[in-house]
Amino acid sequence: MPELPEVETVVRLLRPSLIGHTITGTEVYWVRSIVPPEPHLFAGRLCDQVILDMGRRGKWVVVTLDGGDTLLIHLRMSGRLMLEPAAHTAGERHLRVRFLLDDGRTLSFIDPRKFGRLVLTNRPDEVLGSLGPEPLGADFTVTHFRELLAHRRGRIKTLLLDQTFIAGMGNIYTDEALWRAGIHPLREANSLTSTESEHLYQAIRAVLSEAIAGGGTTLADQSYRQPDGRLGEFADALAVYGKAGKPCLHCGTIIERLRLGQRSSYYCPVCQKF
């Protein structure tokens, strides 16, 4: 579930506490969380590396290390990163990987559904290179967005979920942005007018920025929490996602749900005419 705002929140909260600290040991409790190298090589390479920086690319957490490696972490559906005192054992049941730090603290990767992945590589572009532009990046302009749409066919909802088209968008914020822009999720991407494209561009950037300010979105299953345990507050601001059967905040029409591929899409049939 974690999308761009959730991953950005995690990075912003953890970065100040991790930069400059050394990883003194790594404990792997679920080997499938680790993408090659093998777990023992993974742990060995990480030992004594200093964390130089922590950032985000799309839905990936990017940890830059002084030995030339980059640790990439994808939270997938239920992954969480928690910075804890050494003696703390909360979340042990779903603990998959734990990093020991030089000051006695631990960075724990907790993942109940076991879909999250950690990659240690000295060539991060091999993993991240295919990602599309960052929707909040300064170089992602409305002109650029119009150009991307003009050359792509297919439904706009499906396209926005394509990480090679735009990095970081997921089901929640795609539905919210389409609703704000008044665009039906089944519209063909290249059918959007110049004005509709601009409205969608502005809606994407606005909803992502607001969600980051709210610490992300924690849904009813509470699979996402901020690293300090707090819930993401943007759930209170959702207008359509998960709101099937409830009135549209704009026109009062009942929100509907449709299936698009493997996902549910929520929309207002009046505000978002097909």
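This is a short talk on the empty spaces, one helix and one hairpin of a structure.

A word of caution to start: the model is predicted.

Let's begin with the pockets. The largest pocket has a volume of about 690 Å³. Its lining is made of 25 residues. Which of them lie nearest the centre? Those are Met1, Glu3, Met77, Asn171 and Arg263. Two elements give two or more residues to this lining: helix 6, residues 171–181, and strand 10, residues 263–267. Strand 10 gives the most, with three residues. What about chemical class? The pocket lining has ten nonpolar residues, eight polar ones and seven charged ones.

Next, the cavity. The structure holds one cavity of 30 Å³ or more. About 50 Å³ of space lies in the largest cavity. Now look at what lines it. You will find Leu18, Ile23, Ile51 and Val63 among the lining residues. Leu71, Phe99, Leu101 and Leu107 also belong to that lining. By class, that makes eight nonpolar residues, no polar ones and no charged ones. Keep the pocket in mind here, with its eight polar and seven charged residues.

On to helix 2, residues 39–46. Which of its residues are buried? Pro39, Phe42, Ala43 and Leu46 are. These four sit on the same side of helix 2, because they cover an arc of only 95 degrees around the axis. What covers them? The cover includes strand 1 (22–28), strand 2 (49–57) and strand 3 (60–65). Also included are strand 4 (70–74), strand 6 (95–101) and strand 8 (117–121). Then see what comes after the helix. Helix 2 is followed by Asp48. The phi of Asp48 is positive, near 70 degrees.

Last stop, the hairpin. Strand 9 covers residues 256–260. How does strand 9 run relative to strand 10? The two strands run antiparallel, and five bridges join them. To find the pairing on screen, go to Arg259, which stands opposite Ser264 in strand 10. Between the strands of this hairpin there are two residues. Gly261, in the hairpin, takes a positive phi near 70 degrees. And strand 10 takes us back to the start: this strand gives three residues to the lining of the largest pocket.

To recap. The largest pocket has a lining of 25 residues. The largest cavity has a lining with no polar and no charged residues. Helix 2 has its buried residues on the same side. Strand 9 and strand 10 form an antiparallel pair. Thank you.

Methods
Residues numbered from 1 in each chain as written. Predicted model: local features only at pLDDT ≥ 70, side-chain atom pairs only at ≥ 80, totals over all residues. Heavy atoms only, no water. 1 Å grid on protein atoms, 1.4 Å probe; cavity = no way out; pocket = protein on both sides within 12 Å on 5 of 7 lines; lining within 4 Å. Points joined across faces, edges and corners; volume = space filled by probe spheres on them. Nonpolar A, V, L, I, M, F, W, Y, C, P; charged D, E, K, R; others polar. Buried < 20%, exposed > 50% of the residue type's maximum accessible area, 1.4 Å probe, protein only. Arc of directions from axis to C-beta. Contact = heavy atoms within 4.5 Å. Pairing = 2+ DSSP bridges.
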